[in-house]
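Work through the exercises below with the coordinates open, trying each task before reading its solution.

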Amino acid sequence: MPTKTDFNDRMLSLGLARVSEAAAIASAGLIGRGDEKAADQAAVNAMRDQLNKLDIAGVVVIGEGERDEAPMLYIGEEVGSGNGPGVDIALDPLEGTTLTAKDMPNALTVIAMGPRGSMLHAPDVYMEKLAIGPGYPEGIVTLDMPPATRVSALASAKGCLPKDITVCILERPRHQELIAEIRSTGAAIRLITDGDVAGVMHCAEAEATGIDMYMGEGGAPEGVLAAAALKCMGGQMYGRLVFRNDDERGRAGKAGITDLDKIYSRDEMVTEDVIFSATGVTNGSILSGIKREVGWVTTETLLMRSKTGSVRRMTYRTPVAPEA
């Protein structure tokens with residue numbers, strides 16, 4: 001049967017919520033158990049099973065890795081029933097495997113879906129990222145600015161002092177100079193150990209999370225997922241790929257990227273309207289984690305459509321069989 005071309009985001013959105021919910025529920029029994037691989041594999045299995053129930057002709061463009069590295073949900077894998085619209089899928093079945101294994105905040109299951117060709121096929125390299133929330137003039141901060149200048153520019157636009165700005169950064173040795181420069185402005189820094197999709201999403205709800213800006217280098221695939229979230233939530237994001245060697249530059253070439261120095265805006269990383277779903281695994285600033293009671297499990301999911309700007313927060317409670 002030929003693939004339909006219309007992307008019915010309204011009809012598909014609830015199905016996408018079920019996908020992220022299933023992955024979160026599957027990882028629930030492994031929260032705090034110290035086994036990152038098992039938690040990730042449980043989420044991958046559940047997400048794939050649920051995706052294959054959707055009437056889509058889906059292709060994973062951001063996934064668990066290259067085909068030879070990941071047996072399931074690898075880049076290029078076809079998912080869905082095959083009967084329905086052709087779609088691009090970006091996913092992280094468990095964003096924060098370490099956070100889950102250690103029962104630390106802000107672990108999520110994350111998935112975005114858009115029409116075929118709507119998302120940047122980011123190679124598995126680093127990306128320098130910069131993000132702020134909605135309500136600011138376009139281009140108020142850029143990747144070409146020194147970090148301290150970004151803080152000053154955002155403070156001016158917000159009508160406050162640099163000391164009133166909080167920046168979220170991944171806690172990594174590579175960010176020592178960045179952290180020092182930002183602190184020299186008087187701004188506060190919230191360091192996170194993992195989970196930079198959630199880190200970027202925090203900017204879009206600054207009043208709730210207390211975070212105004214995200215900066216630093218993290219995975220490029222996660223950058224595309226974060227851009228999809230901000231496309232729905234509002235806000236600005238910029239990304240520039242970072243290459244450490246010729247092998248990584250070669251990966252970019254395979255992904256069809258020719259300008260290795262290009263700065264991608266949010267709408268260049270995600271060019272068309274998308275739907276985005278994230279379910280909390282551990283408690284966080286954006287979503288509550290999974291609650292487990294005898295015989296029951298409860299999740300909280302954020303389901304968003306960029307086309308309408310709609311944001312749904314959904315609680316899902318379902319019976320579960322007792323563990324053997």
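The exercises that follow treat cysteines, salt bridges and a charged surface patch.

This is a predicted model, in which local features need pLDDT of at least 70 and side-chain atom pairs count only at pLDDT 80 or more, while totals for chains, interfaces and linings use all residues. Residues are numbered from 1 along each chain as its sequence is written, and side-chain values use heavy atoms, with hydrogens and water left out.

**Exercise 1.** Determine how many disulfides the structure holds, and examine C160 and C203.

*Solution.* Begin with the criterion, under which a disulfide is a pair of cysteine sulfur atoms within 2.5 Å. For C160, the closest cysteine sulfur belongs to C203 and lies 14 Å away, which is too far for a bond. For C203, the nearest cysteine sulfur is that of C168, at 6.9 Å, and C203 is in no disulfide. The structure as a whole holds zero disulfides. Next consider exposure, where buried means under 20% relative accessible area, exposed means over 50%, and partly exposed lies in between (1.4 Å probe, protein chains only). C160 is partly exposed at 22%, whereas C203 is buried at 2%.

**Exercise 2.** Locate the salt bridges of D9, D267 and E293, and state which elements they link.

*Solution.* A salt bridge requires a side-chain nitrogen of Lys or Arg within 4 Å of a carboxyl oxygen of Asp or Glu, and by this rule the count comes to 19. Elements are DSSP runs numbered from the N terminus, helices being H or I with at least four residues and strands being E with at least two.

1. D9 pairs with R305, the closest N and O atoms being 3.1 Å apart. The pair links helix α1 (residues 9-27) to strand β13 (residues 296-305), across 296 residues, and both partners are buried.
2. D267 meets K231 at 3.2 Å, N to O. Because D267 lies in helix α10 (residues 266-269) and K231 in helix α8 (residues 220-233), the pair ties together parts 36 residues apart in sequence. D267 is partly exposed at 35%, but K231 is buried at 14%.
3. E293 pairs with R317, with the closest N and O atoms 3.7 Å apart. Since E293 lies in strand β12 (residues 291-293) and R317 in strand β14 (residues 310-319), this pair joins parts 24 residues apart in sequence. E293 is partly exposed at 43%, and R317 is partly exposed at 44%.

**Exercise 3.** Find where D124 is placed in the chain, and whether D124 is buried or exposed.

*Solution.* D124 sits in the loop between β4 (108-115) and β5 (126-132). With a relative accessible area of 38%, D124 is partly exposed.
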